[in-house]
Amino acid sequence: ARAGRLRQQRRDHLLELASSTKDYRVLGAIAGVFKARNCPIGMAVASFDLLLGAAAVLIERLGDLERPEVLPDTFINNLEFQNARSSMNSIVDGLIGWLVAAALTSEELVTRYVEFVAALSERNDALKARMIEGAAPIMNDPSLMRLILPTFYSSLLGASSLLRACAVRSMPKLSRLQRESLPDLVFDAAIALLSDPFVIVHQAAFAAVDRHAFPDRVKDRIVIAVANLVLNYANSTDAAIGRKDDFLLDCMAFISRSIGPSGMVEAFEDLMLDKLLTLKPYDVSKKIRDLQEGLNHKPKFADLLVRLASDTDAMQHSSDQIRAAFGKLPLDVLRNAAGLISGAADRQIAESMDVTLLLECLTRVDAIEDAEALAKRVLDLIPHTVRDAPLRANARLRLMSISLEVAIKAQDFAQVSSIHDEHRKLLSSIEDRTGREQQLPPFPHNFF
């Protein structure tokens, strides 16, 4: 018992120290103590009111630290300032975790938790928002949800944008069973946040949607709200919005996979594709699989894929996805894009880019004459050097395969026979070169 009291006294002293010290190293050490996973339930229950007060004091200190006059504008001071803020945020998160863990033990503590949140003024919206977001475990308990649900619902409708954002951000943390048991009024309020004018709120609401925090019965209303977000962001010229293009891509990907190929209005499809053609190819390539679900039948989608295939960064990071997307294109869409593909391949050859994917597309739509001409250009650009011999051999093999299709299509059987002979000679020379390379003595390790 005495050891328990000593541990309790030490933790109380740490809380007092966290409320007063400015040393970021001390704050970091205290943050390591007050982690949610380290919560001693008995002590948290016994110190419930002290934990509430400490959280309120630390949030006040965080607000004071946000003022620019707190520290002189030097690199060292700014670094310490950021470290102190980070540590204090970690302590607040840990304290809220301890409070929630303690509250789960009894209805009385949940009531005290809720009453404390309700009593916080607008000046304390930062703490109120974080306590609402952290209360997801309480809402996951069927016997305790009724005690906190009114406060949670009022937070979704709150005057503070931070409070609304944190409330909707907590919804994906609920179990599916608990979400299904929520009244429709809660989902009505959460869906309305998708139309909220504050960026922090509607982006948080969409994040909840993207993490499947809403039941299927409200899917149609969500799709309409997200479509409105696409329209607003696609036509927005506000450069101050953070992650504007990334968020727009997330919304368009959600619409495409939710509606599919036959549910979108044609004008809306065109608007999405026109916007996609203006975004960075690398960013679009990361969402190409989802976007294809709703736009694969559109000719402009082939234009988009050609643009991605012509971008070095996109092909370097998403080549498999882009190749798979080309493979799923309907033949008529791909055939209509043959001219664009040929032009893109010409530009790629001039920039020394790999055109294998575009050559495959041309052969797939029977534009084999164009493919043969491109393959010849690629071969001609490879130097006749020992170092480039393997690369040149591969290019010759590719050209032979395409030329063989051209000869078969023209029923030029003499040319077919000539290509077969050339193919055998090339394979023989490749085997000879491989054999010579294997017979070379190993490079001496002490050459230098």
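Is Glu-266 buried or exposed? In this predicted model, Glu-266 is exposed, with a relative accessible area of 53%. The cut-off for exposed is over 50%, so Glu-266 falls in that class. The residue belongs to helix H16, which covers residues 266–276. Its C-alpha atom lies 9.4 Å from that of Lys-298. Along the sequence, Glu-266 and Lys-298 are 32 residues apart.

The overall fold comes next. The protein chain has 26 helices and zero strands. Its radius of gyration is 32 Å. For 448 residues the globule rule gives 22 Å, and the value for this chain is well over that, so the chain is more spread out than a compact globule. Along the principal axes, the C-alpha atoms fill a box of roughly 95 × 70 × 45 Å. Contacts in the chain were also sorted by sequence separation. Among those with a separation of 6 or more, 69% join residues 24 or more positions apart.

Surface and charge were then examined. Of the 448 residues, 44% count as buried. The accessible surface of the protein chain comes to about 23500 Å². Carbon and sulfur atoms account for 54% of that surface. The chain carries 53 positive and 58 negative charges. The mean positions of these two sets are 5 Å apart.

In soluble globular proteins, nonpolar side chains tend to be buried together. In this model, the largest nonpolar core has 137 residues. The residues with the most contacts inside this core are Tyr-113, Phe-214, Ile-255, Leu-276 and Phe-326. Helix H5, residues 75–103, supplies the largest share of the core, with 12 residues. Another core lies apart from the largest one and has seven residues. Among them are Ala-393, Ala-407, Ile-419 and Leu-426.

Phe-214 shows how such a core residue is surrounded. Neighbours within four places in sequence are left aside here. Phe-214 is then in contact with Met-171, Phe-187, Ala-190 and Ile-191, among others. Its partners also include Ala-205, Ala-208, Val-209 and Ile-222.

Leu-334 is a buried residue, at 0% relative accessibility. The cut-off for buried is under 20%, so Leu-334 meets it. Leu-334 lies in helix H21, residues 331–336. With residues within four places in sequence left aside, Leu-334 is in contact with Phe-326, Leu-329, Ile-341, Cys-361, Arg-364 and Val-365. One of these partners, Phe-326, is also among the residues with the most contacts inside the largest core. The C-alpha atoms of Leu-334 and Ala-302 are 6.5 Å apart in space. In sequence, Leu-334 and Ala-302 are separated by 32 residues.

Val-378 also counts as buried, at 15% relative accessibility. Its place is in helix H24, residues 368–380. Residues up to four places away in sequence are not counted among its contacts. On that basis, Val-378 touches Ile-349, Val-355 and Arg-398. The C-alpha atoms of Val-378 and Ala-395 are 7.2 Å apart, with their positions 17 residues apart in sequence numbering.

The loops were considered last. Lys-173 is found in the loop between helix H10 (161–169) and helix H11 (176–181). At 40% relative accessibility, Lys-173 counts as partly exposed. Lys-173 touches Glu-133, Ala-136 and Asn-140, with residues up to four places away in sequence not counted. The C-alpha atoms of Lys-173 and Ala-135 are separated by 9.6 Å. These two residues, Lys-173 and Ala-135, are 38 residues apart along the chain.

Two further loop residues have a positive phi. For His-212, phi is near 60°, although the residue is not glycine. His-212 lies in the loop between helix H13 (199–210) and helix H14 (219–234). His-212 is exposed, with a relative accessible area of 60%. For Gln-411, phi is likewise near 60°, again in a residue other than glycine. Gln-411 sits in the loop between helix H25 (389–410) and helix H26 (413–439). At 59% relative accessibility, Gln-411 counts as exposed.

Technical notes: Residues are numbered from 1 along each chain as its sequence is written. This is a predicted model: local features need pLDDT of at least 70, side-chain atom pairs count only at pLDDT 80 or more; totals for chains, interfaces and linings use all residues. Side-chain values use heavy atoms; hydrogens and water are left out. Helices (H or I, at least four residues) and strands (E, at least two) are DSSP runs, numbered from the N terminus. The radius of gyration is taken over C-alpha atoms; the globule rule is 2.2 Å times the number of residues to the power 0.38. Buried means under 20% relative accessible area, exposed over 50%, partly exposed in between (1.4 Å probe, protein chains only). Contact means heavy atoms within 4.5 Å. Accessible areas come from the Shrake-Rupley method with a 1.4 Å probe; for residues, only the protein chains shown count as cover. Lys and Arg count as positive and Asp and Glu as negative; His and the chain ends are not counted. The place of a charge is taken as NZ of Lys, CZ of Arg, CG of Asp or CD of Glu. A nonpolar core is a set of buried Ala, Val, Leu, Ile, Met, Phe, Trp, Tyr and Cys residues joined through side-chain atoms within 4.5 Å.
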